[in-house]
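Colleague: I have a model open on my screen and would like to learn how to read it. Could you walk me through it, feature by feature?

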Amino acid sequence: MSKRYTITAALPYTNGPIHIGHLAGVYVPADIYARYLRNRGKDVAFICGSDEHGVAIALKAKMENKTPQQIIDYYDELIRNSFNSFGISFDNYSRTSRKIHYDTSQEIFKDLNKKNIFQEIESEQLYDSEAKQFLADRYVIGICPICQNTEAYGDQCESCGSSLSATELINPQSTLSGSKPKMRNTKHWYLPLDKFENFINEWIIKGHKSDWKQNVYGQVKSWIDNGLKPRAVTRDLDWGIPVPIDGAKGKVLYVWFDAPIGYISSTKEWANNNGIDWEPYWKDKETKLIHFIGKDNIVFHCIIFPIMLHASGSFILPKNVPANEFLNLEGEKISTSKNWAVWLHEYLEEFPNQQDTLRYVLTSNAPETKDNDFTWDEFQSRNNNELVAIYGNFINRVVVLTNKYYDGIIPKIETRLPEDEKIIDQIGIISKKIGSSIEKYKFREASQNLMQIARTGNKYLAEKEPWKLIDKDPKRVSEIIYTALQISACLAIVSEPFLPFTHEKLLSILNIESLKLSWNDAFMKNDLIPSGHQISKAMLLFKKIEDIEIENQRLKLVNNKKI
RNA sequence: CGCGAGGUAGAGCAGUGGUAGCUCGUCGGGCUCAUAACCCGAAGGUCGCAGGUUCGAGUCCUGCCCUCGCUACCA
């Protein structure tokens, strides 16, 4: 294991709130990973921020009669706050509208330009003279030349499925103003991805064949096999970072050029605020750079951004890009436009203090190898049958027994029986497994093993039946309770990355905040809580979720769905 | 159409050549410390379909079907 990690989570685009798909695919796994590494004593920079440029924001502002700034301010605050209350432990959450990001992006652009990396290419593009801007293909509609559908988009006809170019449409119309677009000449800067095919081939196709996820590797290979082409990194738009060179008036950096640079500028901002040097986090070969993203972002994080980093010369490349697939909701695709989603900010209000339930459900059903489905039924059963019945119940049993038999003071034991030793060893082995699953980005597997610790604890109590022995063999009972308490403390440690709020509660119930236990203690080489230690009274860790709550959520979804 | 990923018990998943497994649900039993929670046991699968390689295939090869995604200005 390296000692320094730069962990990035995809920058959320500030034209809407965060939903469970974002959480399951990106933010929860990234957070588990970051928290785990901190527990292992690593130097971690967990970096994110709001992505605030691009056509979509400019358009949304226009449609809502607002300025882009108003749009991004609104969503930045909403997203930032909901991440914060959800316990996503970013070391820094920045914004791409900040000066430090403008400076960093322009520097990188200028640097690449100076190194003659870009190609300047002139081409004809559709221009809307009423809205005074060039039109992305998607913002042109017209008659499909193939099937005569009257509402074909500039990039594709959804009726017959043909791929089109906006210039092929019959009677093209701008969706901005309704006017007929004209062809107009414009110059842009292109990143010649094709010139870097060898680099990507050596680095990913040969170098990461066995350690990257199959879906990620396959996707990259598919792009390479199809041949890379130069890609424009500038746009004609009035919302974005100005292209910082002469002869580029009115042009801005393409949002996908500046967004990943946001990881770097956010790291700089964090380093400045903490009086440390940002460069080792992006330039030291010993640093592991890990990008957490959804599958829609694979090409940007595995091809375009690495080419930018590589071309500029001094940056390290990502060690891994554990992209996840998508999460569906009740059998249908999550859709912002159809309002088919569970929004984080609403969840936080409707299920107060139940962040860990959602974190657990999304982890145990994470779309790691294929698209998965989130259902409210599963949410309820995972909470009630696993968190409440297995995890919460185990802790409750131990705490109640300790208070009942020993007034909450951990009993003394003289020796430990081999059968107890065996359980303790088992728990240590499971803890180790949890760690290695996390290191392999198998968070679902890790969460199963987390629950396995509580399961093992319950089984131990059921087999030993201390409540039957308390009168005739009190010495044995003290050994059993002592052992069960050690298991509880271990559970507290390994829960932190997954269930940070529960972790805190559990520390307080066991009254072990001051022991400063770390992940290494979870391997159970030594006892975790000493005899004579006073624990607190029982407190429920998880609340049962009633049928009516689930029914209400389902109704809410269906009633608010837009068609 | 091309490319990528996936198709394994009612549901969600694991399993890359050697007697099909885990969690939830269902059914039966045990326990009563515990949020009617916990523990044990059982039922339930022609591993998408059809061929092939092999002593032996969920696992390798070929073809087909279905789902999702990508296809370069939807960020």
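**Reading the model**

Modeller: Let's start with a helix check: H14 has 22 residues, which at 1.5 Å a residue should span 32 Å, and its end C-alpha atoms are 32 Å apart, so the two agree. The expected span is 1.5 Å times one less than the number of residues. Helices (H or I, at least four residues) and strands (E, at least two) are DSSP runs, numbered from the N terminus. Just after H14, Glu 465 takes a positive phi of about 45 degrees.

Colleague: What should I keep in mind about the numbers?

Modeller: This is a predicted model, where local features need pLDDT of at least 70 and side-chain atom pairs count only at pLDDT 80 or more, while totals for chains, interfaces and linings use all residues. Residues are numbered from 1 along each chain as its sequence is written, chains are lettered from A and ligands numbered from 1 in the order in which they are written, and side-chain values use heavy atoms, with hydrogens and water left out.

Colleague: How many aromatic pairs does the structure hold?

Modeller: Rings of Phe, Tyr and Trp (its six-membered ring) pair if their centres lie within 6.5 Å; planes under 30 degrees apart count as stacked, over 60 as edge-to-face and the rest as tilted. Here there are 33 aromatic pairs. One of them is stacked: Phe 109 and Phe 118, 4.6 Å centre to centre with 25 degrees between the planes. Trp 282 and Phe 305 meet edge-to-face, at 6.3 Å centre to centre and 75 degrees between the planes. Trp 282 lies in helix H8 (residues 280-283) and Phe 305 in helix H9 (residues 298-312), so this pair ties together parts that are 23 residues apart in sequence.

Colleague: Are Trp 282 and Phe 305 buried or exposed?

Modeller: Buried means under 20% relative accessible area, exposed over 50%, and partly exposed in between (1.4 Å probe, protein chains only). Trp 282 has 0% and is buried; Phe 305, at 1%, counts as buried too. Asn 39, in helix H1 (residues 20-39), is partly exposed at 24%.

Colleague: Which residue lies over the face of Tyr 281?

Modeller: A charge sits over a ring if NZ of Lys or CZ of Arg is within 6 Å of the ring centre and within 35 degrees of the ring normal. Arg 4 does this for Tyr 281, at 5.6 Å from the ring centre. Lys 295 lies over Phe 326, at 5.0 Å.

Colleague: And which residues come nearest to RNA strand B?

Modeller: A residue is near a strand if one of its heavy atoms lies within 4 Å of it. There are 54 residues around RNA strand B, and Ala 56, Trp 256, Lys 333, Asp 371 and Asn 372 come nearest. Sugar and phosphate make up 76% of the strand's atoms that come within 4 Å of the protein. H12 gives the largest share of this surface, twelve residues.

Colleague: What does Arg 444 reach on the strand?

Modeller: A polar contact is a pair of N or O atoms within 3.5 Å; within protein, one must be able to donate a hydrogen and the other to accept it, and residues adjacent in sequence count only if both atoms are side-chain atoms. An N or O atom in the side chain of Arg 444 is 2.5 Å from a phosphate oxygen of RNA strand B. For Glu 386, a polar side-chain atom lies 3.2 Å from a sugar or linking oxygen of the strand. Within the protein, the Asn 372 side chain reaches the backbone oxygen of Ala 366 at 3.1 Å.
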